Amino acid sequence: MAKVLVVTSGKGGVGKTTSTAALGAALAQTGENVVVVDFDVGLRNLDLVMGAERRVVFDLINVVQGDAKLNQALIRDKRIDTLSLLPASQTRDKDALTEAGVERVIGELREKFDWVICDSPAGIERGALLAMRHADVAVVVTNPEVSSVRDSDRIIGMLDSKTLRAEKGERMEKHLLLTRYDTARAARNEMLKTEDILEILSIPLLGIIPESEEVLRASNVGAPVTLNNPNSAPARAYFDAARRLKGEQVEVVVPLERKGIMSRLFGRRVA
Amino acid sequence: MNLLSLFRIKRDTAPVARERLQVLLAHERAVIGKSDLLATLQEEILAVIAKHVTVDRSAVQIKLDRGDKVSMLEIDVEVPSAIAIAKGKGKGGQSARVPA
């Protein structure tokens, strides 16, 4: 039975697209059949983070409006054959998405894949609402920072009222993915701690992704971080999160960067 | 107190963030959860009153005060005096208080 998952946050720039790519790839790397869908019509970026920007021919809007078949728009990943991408349109805007069209496309994707992962645009408007509309599971991406936590609270409220599941009176499964976490700063009381955020938002924790240089390195070359450097701290955290999504019990730890002797001696270069 | 502890006091900002968020979200959740109910009540009560009396939309005030044991729903309807006199109900506005 396919699962439709929305990666959402309200606030922009917290790591929705990075997390969509990394979780999608992590699930696909364990043999699951995965499609990642970019709902950020007009500001698409998932194609770039996945390294498929030059392979986009048709997009979600073309399929929603019936101008292309789903198979024509799907882009199969060159590194993992169980991973596909359905890109958003760059030239249209979010009004081009119709509710009926999105429902039909999600229905078709459910037939083909085990996981349909929808990368939501920022905000609480039409695009974000359509991305969460058909979801069975929501991953709320949050930074340990006041504005991100506030926006996540708002998005959780919408997940509980505006999704199909909520309207049918069914339970909407929600998980918190804490990104850009700095264990040392949290320990020094300079950053909100995991337990503070969990208490405020009161949804279960899916994972803690440590702040890491590897995330930028991966997006520079167009590879999900779990593919680009599977042993890096953020990749290991995403692999753990993916296992929890599959229902496995995995203890939550914040993976640490394995530093070589040189970087230990000379510390972090600033510029 | 040494120099180091002076720095540490300034850096302890996370508890402030936590407290600000808790206060803010308690307020925002109440407002967002409540607004729909109050807006619906306002519309429906206004519709019922408008069937019998001509009232100004802005002359209807609805407030909900949440208490520990009992909440108070306050409906304040200002009826124009010409109509009130015609119906023999005295002058000025009328208000009703019902425990909700």
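In this predicted model, the search for enclosed space returned three cavities of 30 Å³ or more. The largest cavity holds about 60 Å³ of space. Helix 1 (16-29) and helix 11 (213-221) of chain A are the elements that give two or more residues to the lining of this largest cavity. The full lining is made up of A:Thr18, A:Ala21, A:Ala22, A:Val49, A:Val215, A:Ala218, A:Ser219, A:Ala223, A:Pro224 and A:Val225. By class, eight of these residues are nonpolar and two are polar, while no charged residue takes part in the lining of the largest cavity.

The second largest cavity comes next, with about 40 Å³ of space. Its lining consists of A:Met50, A:Ala52, A:Arg55, A:Ile75, A:Arg76, A:Asp77, A:Leu83, A:Ser84 and A:Leu85. Here the elements that each supply at least two residues are strands, namely strand 3 (75-76) and strand 4 (83-86) of chain A. Strand 4 of chain A gives the most to the lining of the second largest cavity, contributing three residues. In terms of residue class, the lining of the second largest cavity divides into five nonpolar, one polar and three charged residues. Charged residues are thus present in the lining of the second largest cavity, whereas the lining of the largest cavity has none.

Turning to the backbone of chain A, two residues are worth a look. Most residues other than glycine have a negative phi. A:Arg180, however, has a phi near 55°, a positive value in a residue other than glycine. A:Arg180 belongs to strand 7 (residues 173-181) of chain A. With a relative accessible area of 43%, A:Arg180 is partly exposed. A positive phi also occurs at A:Asn189, where the value is near 65° and the residue is again not a glycine. A:Asn189 sits in the loop that runs between helix 9 (183-187) and helix 10 (194-201) of chain A. The relative accessible area of A:Asn189 is 22%, so this residue counts as partly exposed, the lower limit of that class being 20%.

Chain B can be described from its overall layout down to a single residue. Three helices and three strands make up the regular elements of chain B, and along the sequence they follow the pattern α-α-β-β-α-β. Chain B has 100 residues, of which 22% count as buried. The accessible surface of chain B comes to about 7700 Å², and carbon and sulfur atoms account for 58% of that surface. Among the contacts in chain B with a separation of 6 or more, 39% join residues 24 or more positions apart.

Within this chain, B:Gln61 offers a local view of how segments meet. B:Gln61 is placed in strand 1 (residues 60-65) of chain B. Its relative accessible area is 47%, which means that B:Gln61 is partly exposed. When neighbours within four places in sequence are left aside, B:Gln61 is in contact with B:Glu74, B:Ile75 and B:Asp76. A further pair involving this residue is B:Gln61 and B:Glu78, which lie 17 residues apart in sequence and 8.6 Å apart in space, C-alpha to C-alpha.

Terms used: Residues are numbered from 1 along each chain as its sequence is written. Chains are lettered from A and ligands numbered from 1 in the order in which they are written. This is a predicted model: local features need pLDDT of at least 70, side-chain atom pairs count only at pLDDT 80 or more; totals for chains, interfaces and linings use all residues. Side-chain values use heavy atoms; hydrogens and water are left out. Helices (H or I, at least four residues) and strands (E, at least two) are DSSP runs, numbered from the N terminus. Buried means under 20% relative accessible area, exposed over 50%, partly exposed in between (1.4 Å probe, protein chains only). Contact means heavy atoms within 4.5 Å. Accessible areas come from the Shrake-Rupley method with a 1.4 Å probe; for residues, only the protein chains shown count as cover. On a 1 Å grid over the protein atoms alone, a cavity is a set of points where a 1.4 Å probe fits but cannot get out, and a pocket is an open set with protein on both sides within 12 Å along at least five of seven lines; lining residues have an atom within 4 Å of a point. Grid points are joined across faces, edges and corners, and a volume is the space filled by probe spheres set on the points. Ala, Val, Leu, Ile, Met, Phe, Trp, Tyr, Cys and Pro count as nonpolar, Asp, Glu, Lys and Arg as charged, and the others, Gly among them, as polar.
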